[in-house]
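Student: I would like a close look at one part of this structure, the salt-bridge network. Please take it slowly, then set it in its wider context.

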Amino acid sequence: MASESAIQHLSQRATLAEEILAKLKHQLEDVKRTAMKNIVKKEEQQIRRENERLKVEVNEYKKKLMLAEIGNGIRQIPIPNKRNLDQITTDQRVSPTKEVEVKKVKAGPKPADSVNPDKTSEVDVSKLYIRVGFVKSAQKHPDADKMYVEEVDMGEEKPRTVVSGLVGAVPLSEIEGHLCVFLSNLKPAKLRGVLSEGMILGANNGEKVELLRPPPGSVPGDRVVCAKYPGEPERVITSKNKIWDLVKADVKTNNSCVATYKGEPLIIEGKGQVTVPSVGDSQIC
């Protein structure tokens, strides 16, 4: 009887030992899985940080390459998106300057350019052809102390000349060699003897002027739009159709220094928002 009792006791101990071993094995598997999750999570975080660092580095190299190409006369072609493809028509490839030349040879009276008063509410920022330009050179106007004359690559076959009254407000070093933002469908006009084919845009708070800057990855010719107000730009803005006068009061920077129209951000699709360094809540002109 004593022998049978001992055997039963050993059997129970063996069963208990097996249960303990099974629990330990299960706990060990849990520890391994937790440890593996932590390792994977750390590696994932490290990879993400490395990717962000590489993105910044690649964008810097792309910018340097683009500026070097522009400096060597290589024209930059914006990557088309759906909006760009919709806009690429024969009429829209005609520059404002060419449009003026065509009108000169037309016979008979010119058609009226003025906006129908009943359609004033339809005029919005989409009528402005705002785009990125690279300022290849900038210098003082030969006949105007308060004006600069800039040679600007806007992604077209030839650079444009833009005259701006920024002397004393913005140093040449912040204009020449930089990507800036321009209103490009203004009717060309002579300013103190120099034909100006656009207007450089900046934010002015009454004490300081800062030029609008496009987002990283922008190239000359990229169009600046407001997603909430889609539409085709007017071919040429004149003093008669008053489009700029009707729209400009609502073109401002917000308190985050983002360029906006009626509070909605101005962007380059797929690249980001147009901004200024520090002049928020200010008029863009």
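Tutor: Start with a definition: a residue is buried when its relative accessible area is under 20%, exposed when over 50%, and partly exposed in between. Arg131 has a relative accessible area of 7%, so Arg131 is buried. Keep in mind that this is a predicted model.

Now the network. Three residues are linked in it by salt bridges: Arg131, Glu156 and Arg160. Take the link from Glu156 to Arg131. Their side chains meet in a salt bridge, at 2.8 Å from N to O. Where do the two partners sit? Arg131 belongs to strand β1, residues 130–140. Glu156 lies in the loop between β2 (148–153) and β3. The pair therefore ties together parts that are 25 residues apart in sequence.

Next comes Arg160. Its place is in strand β3, which covers residues 160–164. The side chains of Arg160 and Glu156 are joined by a polar contact of 2.8 Å. Arg160 has a further polar partner in the backbone: the oxygen of Ser184 lies 2.8 Å from a polar atom of the Arg160 side chain. Is Arg160 buried or exposed? Arg160 is buried, because its relative accessible area is 5%, and the limit for that class is under 20%. So both arginines of the network count as buried, Arg131 at 7% and Arg160 at 5%.

Now look at salt bridges elsewhere. The count for the structure comes to nine. One of them pairs Glu44 with Arg48, with the closest N and O atoms 2.8 Å apart. Both residues are in helix α1. They are four residues apart, so about one helical turn separates them. Glu44 is partly exposed, with a relative accessible area of 36%. Arg48 is exposed, at 54%. Set this beside the network: Arg131 is buried, whereas Arg48 is exposed.

Another salt bridge joins Lys208 and Glu210. Here the closest N and O atoms are 3.2 Å apart. The two ends fall into separate classes. Lys208 is partly exposed, with a relative accessible area of 42%. Glu210 is buried, with a value of 7%.

Stay with helix α1 for a moment. This helix runs over residues 2–71 and contains Leu16. Leu16 is partly exposed, because its relative accessibility is 44%. Leu16 also helps to make a nonpolar surface patch. The other members are Ile20, Leu21 and Leu24, and the patch covers about 380 Å².

Cysteines make a brief side note. Cys180 is buried, at 0% relative accessibility. Cys226 is buried too, at 2%. The structure holds zero disulfides.

Finally, the whole protein. It has four helices and 16 strands. Of its 285 residues, 33% count as buried; Arg131 is one of the residues in that class. The protein exposes about 18100 Å², and carbon and sulfur atoms supply 54% of this area. Now consider contacts between residues at least 6 apart in sequence. Among these, 69% join residues at least 24 apart. The salt bridge between Glu156 and Arg131 spans 25 residues.

To return to the part you asked about: Arg131, Glu156 and Arg160 form one network of salt bridges. Strand β1 supplies Arg131, the loop between β2 and β3 supplies Glu156, and strand β3 supplies Arg160.

Notes: Residues numbered from 1 in each chain as written. Predicted model: local features only at pLDDT ≥ 70, side-chain atom pairs only at ≥ 80, totals over all residues. Heavy atoms only, no water. Patch = residues over 30% accessible without salt bridge, like charges linked within 9 Å, V, L, I, M, F, W, Y side chains within 5 Å. Areas by Shrake-Rupley, 256 points an atom, 1.4 Å probe, with all protein chains shown as cover. Salt bridge = Lys/Arg side-chain N within 4 Å of Asp/Glu carboxyl O. Helix = DSSP H or I, 4+ residues; strand = E, 2+ residues; numbered from the N terminus. Buried < 20%, exposed > 50% of the residue type's maximum accessible area, 1.4 Å probe, protein only. Polar contact = N/O pair within 3.5 Å; in protein donor to acceptor, adjacent residues only side chain to side chain. Contact = heavy atoms within 4.5 Å. Disulfide = S-S within 2.5 Å.
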